[in-house]
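Work through the exercises below with the model open. Try each task before reading its solution.

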Amino acid sequence: MPVKNQAAVAERGIVSAHDRRRASVRGSLGVLQGGLLVTLVLAGLGPILWLAKAAVTPTQDTLRQPLGLFPNGIDWANLATAWGRAEIDHYFVNTLILAVGAWFFQLLVATTGGYVLSVLRPRYGNLIFGLVLATLFVPAVVLLVPLYLTILDVPLLNISLLNTFWAVWLPMGASAFNVLLVKRFFDGLPREVFEAARVDGAGPFRLLWSIVLPMSKPILGVVSVFAVIAAWKDYLWPLLVLPDPDNQPLSVRLPAIAPYLELDVFLAALAISTVLPIVLFLAFQRLFLSGAGLGGAVKG
Amino acid sequence: MILVFGVFSWFPIGRALVMSVQQTNLISTPEFVGLDNFVFVLQDPLLGKAVANTLWFALLALVFGYPLPLAAAVLMSEVRRMRGLFSALAYLPVVVPPVVAVLLWKFFYDASPTGVFNTIAGWVGLGPFPWLQNASSAMPSLVLEATWAAAGGTVIIYLAALVGVRTELYEAAEVDGAGVWRKIWHVTLPQLRGVLFITLILQVIGTSQVFLEPFLFTGGGPNNATLTILMLIYDYAFGSSLGGNYGAATALSLMLAGVLAVLSAIYFRVTRPWSS
């Protein structure tokens with residue numbers, strides 16, 4: 001039945017096909033949708049286009065006529081100044097390192113965790129899965145202070161991770177949501193394949209690496225993209241555990257350097273920081289817009 | 001994996017419970033102080049202010065941000081061509097890094113007549129408004145930005161849910177002579193109930209922990225008008241004037257988590273008969 005439903009949806013929505021043919025209905029629907037489109041362009045695209053324009057506009061222009069469509073002269077040097085003299089390049093690289101590391105640890109924990117819980121299924125697996133799920137219900141705010149103190153003095157090792165990238169990477173790896181997402185996907189894989197591989201003599205690591213992971217590219221893509229975006233967005237946590245400006249990512253540095261930069265250079269810096277997430281979004285639009293990352297949380 | 005969860009998730013959660021009843025400042029050894037931290041927090045005159053502000057933020061966010069994505073999604077589900085373009089445009093603000101969004105909007109909110117929003121308001125003969133500089137308009141300004149930044153994600157959730165709406169019921173409703181509004185009210189929305197509940201809960205949980213906007217826009221000002229609970233927690237633990245009071249910070253965060261848990265439980269209890 002679900003297949004049939006899908007087909008029906010493609011054919012009709014709230015307004016019936018018969019009504020759609022009527023001129024008055026079509027007219028008002030058109031006006032409403034046109035209005036929505038204009039609003040979306042203004043609200044969604046507007047600020048970003050404005051930022052792109054302001055990034056190459058001289059300060060005086062932006063201040064005097066913030067909404068002027070054409071600047072008096074384009075100042076490409078803003079971008080170069082922001083990149084070089086404002087040291088945005090340095091912070092950009094920091095952000096990149098943080099994002100890649102967070103991506104790696106999130107994938108590592110989510111795949112090995114999901115694999116153990118879904119495929120190997122040890123006896124105490126359910127208990128562990130329960131404990132992992134339980135952390136989903138603890139609001140992030142509860143973790144803030146104790147996690148910070150944990151970073152200052154890691155149990156067992158008795159070292160401080162303050163001012164190291166590890167302080168951001170490792171806690172991000174402890175994402176129950178990722179484990180849940182990946183475990184569910186692994187649950188759906190055909191178990192006969194695993195059995196066949198085991199009969200052929202594949203050990204647990206080989207089974208994970210050459211059978212399970214290659215079959216799981218879609219879900220790994222989802223986790224990856226959201227991991228990178230999340231790391232790029234993070235502010236409060238890196239602000240706390242990376243007090244040394246040399247290690248800070250863009251999100252932490254931008255508010256700090258704002259007072260010392262000329263407006264046009266600052267806006268150029270903002271624009272530079274926005275480019276990568278937007279490119280990722282445009283490249284993986286489907287992933288974002290299908291609600292893949294949210295589907296698991298919302299279907300209830 | 002167990003190690004990562006153990007050290008960075010389970011251990012800190014347990015530690016939060018312990019720390020909330022300790023006097024800790026990292027220098028002297030922690031000592032047990034019973035419920036002193038909770039008493040300290042509850043007696044802080046700023047707490048009432050922070051709670052009221054957070055509730056105000058959550059309420060405004062519900063008024064601005066709850067119906068809007070729903071209306072947009074329902075309208076978008078009726079779009080025949082270029083639906084992808086619609087949803088991409090709606091989602092675009094979500095991918096802008098929040099810090100960039102706040103800093104950009106801070107510039108837009110410039111209180112002078114030549115500020116971006118004041119220029120726009122000027123076109124229709126309004127303003128100039130003080131936006132962030134005035135205690136009464138600061139919070140709505142923050143909520144406006146937060147709504148802009150978050151609405152797209154909710155739109156996508158609703159769009160995905162709208163695909164699952166059973167369309168035979170529309171036909172049945174038409175046979176009974178229902179117009180568009182009644183079809184939306186009696187057919188579409190009831191089928192979205194489950195999703196609507198969850199987005200509501202998520203929004204309440206999210207807005208009760210709002211930090212970035214007040215922290216970067218106004219620093220809690222003017223005159224503590226935008227001081228939220230999470231900002232107070234931050235101030236207890238890391239702020240320059242109070243600072244280092246980790247026990248009080250964890251006590252407050254546990255209280256907040258407790259309230260949220262109770263809220264969610266009541267909510268699920270109340271709504272369960274409807275959604276099944």
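**Exercise 1.** At which residue does α16(A) bend, and which proline follows within four residues?

Residues are numbered from 1 along each chain as its sequence is written, and chains are lettered from A, with ligands numbered from 1, in the order in which they are written. This is a predicted model: local features need pLDDT of at least 70, side-chain atom pairs count only at pLDDT 80 or more, and totals for chains, interfaces and linings use all residues.

Solution. Locate helix α16 of chain A, residues 263-283. Helices are DSSP runs of H or I, at least four residues, numbered from the N terminus. Compare axes fitted to the seven residues ending at a position and the seven starting there; their angle is the bend. The bend is about 30° at Val275(A). Pro277(A) is the proline that follows.

**Exercise 2.** Check the span of α16(A).

Solution. Take 1.5 Å times one less than the number of residues. For the 21 residues, 30 Å is expected. The end C-alpha atoms are 31 Å apart, which agrees.

**Exercise 3.** Place Leu270(A) in its surroundings.

Solution. Start with burial: 20 or more other C-beta atoms, placed from the backbone, within 10 Å of a residue's own. Leu270(A) is among the buried residues of α16(A), as is Phe281(A). Next, list contacts (C-beta atoms within 7 Å). Leaving out residues up to four places away in sequence, Leu270(A) touches Leu51(A) and Leu254(A), plus Val100(B), Leu103(B) and Leu104(B). Finally, find the core, a set of buried Ala, Val, Leu, Ile, Met, Phe, Trp, Tyr and Cys residues joined through C-beta atoms within 7 Å. The largest nonpolar core has 140 residues, and Leu270(A) is one of those with the most contacts inside it. Helix α8 (residues 135-163) of chain B gives the most to this core, 16 residues.

How values were computed
Buried ≥ 20, exposed ≤ 12 C-beta atoms within 10 Å, placed from the backbone. Helix = DSSP H or I, 4+ residues; strand = E, 2+ residues; numbered from the N terminus. Contact = placed C-beta atoms within 7 Å.
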